[in-house]
Amino acid sequence: MGSSQRNQQSRQMYLNILALLVGLIFLFPLFWLLSSSFKMEAEIFQSPPSLLPSRLYLDPYLDQFKGQYNMFRSFLNSCIISGGTMALSVILSSMAAYGLARFTFRGRKILILSFLITQMLPATLILTPLFIIFNKLNFYNTFWGPMIADATIAIPFSVLMLRTYFLSIPKELDDSARVDGCNALMAFWKIMLPIAYPGAVVVAVFSFLFGWGDLIYANTFMNQQTLMPMTAGIYNFIGQYGVSWNRVMAFGALTVFPVVLIFILMQKYIVTGLTTGAVKG
C-alpha cells in the first residue's frame with residue numbers, strides 16, 4: 001500500500017469522523033426534545049441535567065388529546081393546508097420552470113432574479129397586503145388563505161429547483177416530441193415531466209414541509225380554533241403563569257414526527273433530485 005493511498009484513507013476517516021460529529025450536533029436538539037417530553041417538569045430543570053428520563057412520564061402525550069384542543073382535527077387541518085400548498089406549488093412551478101428553461105424571451109433573466117429576491121424577503125413583509133387581498137376575496141377563515149400564502153414561499157424555491165433540472169435534460173427530447181406531433185404543452189406533460197419526476201418529488205416534499213411548518217400565516221388569516229393547524233396548538237400549553245415544558249416538548253415531538261417520517265421514506269428521491277438538478281445553473 002503506497003503512502004498516497006494511506007493518506008487518502010486517513011483523510012477519508014477524518015472526514016467521516018467530522019461528518020459524524022456534525023450529524024450528532026444537529027440531531028441532539030431532536031434527541032433532547034424527545035427525552036424531555038417523557039420527563040416531569042422538575043426533572044427537566046434539575047442540575048446537573050439528565051440525558052434520559054428516570055422514568056417514562058406519559059401524561060404530556062395523553063394531554064395532547066384531552067380538553068378543548070383536538071390534536072386529530074389539527075392534524076387533518078395541517079394535512080389539508082400542506083397538501084394544498086404542495087399541489088399549487090408543483091403544478092404552477094413545474095410549468096414556470098419548464099418555460100424559463102426552454103424558451104427565450106425578453107426579461108427572462110429579470111424574472112429569474114425576481115424569484116431569487118423573493119427568497120430574501122421576510123414573510124412579515126407581505127402579511128398586510130395578503131390580509132387585505134384575502135379579506136376582499138373572502139378567503140379569511142378558510143384554508144385557501146394559508147395555502148396560497150405558503151405557496152408564495154414554496155413556488156420561487158420550486159421554480160429555481162426545477163429549472164436547473166429541466167436544463168439538465170437534453171433539448172433534443174423536445175425536438176423529437178415536436179417531430180412526433182406534440183406541441184409545447186404536450187411535450188411538457190408527456191415527455192419532460194415524467195423524466196423530471198425525481199425533481200418534482202423533491203419540490204413536492206419541500207412544498208409540503210413549507211405548509212406543514214407554517215404558523216404566521218395560519219394565525220394571521222384564520223381565527224377559528226377548528227381551522228387551526230398543528231403548529232398553532234403550541235399556545236394551548238403556554239399559560240398566563242408559565243409554560244408546561246414537557247407538554248410543549250411532547251407537542252413538538254408529535255409535530256416533527258411526520259416530517260422525519262417523510263424524509264426517511266423519501267430520502268432516495270430527495271438525494272437523487274437534489275444532485276441531478278444541481279448540474280446546471
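**A pocket and its lining**

Author: By class, seven nonpolar, three polar and no charged residues line the largest pocket. This is a predicted model, where local features need pLDDT of at least 70, side-chain atom pairs count only at pLDDT 80 or more, and totals for chains, interfaces and linings use all residues. Residues are numbered from 1 along each chain as its sequence is written, and side-chain values use heavy atoms, with hydrogens and water left out.

Reader: What makes a residue a lining residue of the largest pocket?

Author: A pocket is an open set of points on a 1 Å grid over the protein atoms alone, where a 1.4 Å probe fits, with protein on both sides within 12 Å along at least five of seven lines; a lining residue has an atom within 4 Å of a point. Those that line the largest pocket include Thr 118, Ile 153 and Tyr 217. α5 (108–120) and α7 (144–167) each give two or more residues to this lining, and α7 gives the largest share, three residues.

Reader: Why does Tyr count as nonpolar?

Author: Because the nonpolar class is Ala, Val, Leu, Ile, Met, Phe, Trp, Tyr, Cys and Pro; Asp, Glu, Lys and Arg are charged, and the others, Gly among them, are polar.

Reader: How much space lies in the largest pocket?

Author: About 230 Å³, where a volume is the space filled by probe spheres set on the points, joined across faces, edges and corners.

Reader: What makes a stretch of the chain a helix?

Author: A helix is a DSSP run of H or I with at least four residues, a strand a run of E with at least two, numbered from the N terminus. The protein chain has twelve helices and zero strands.
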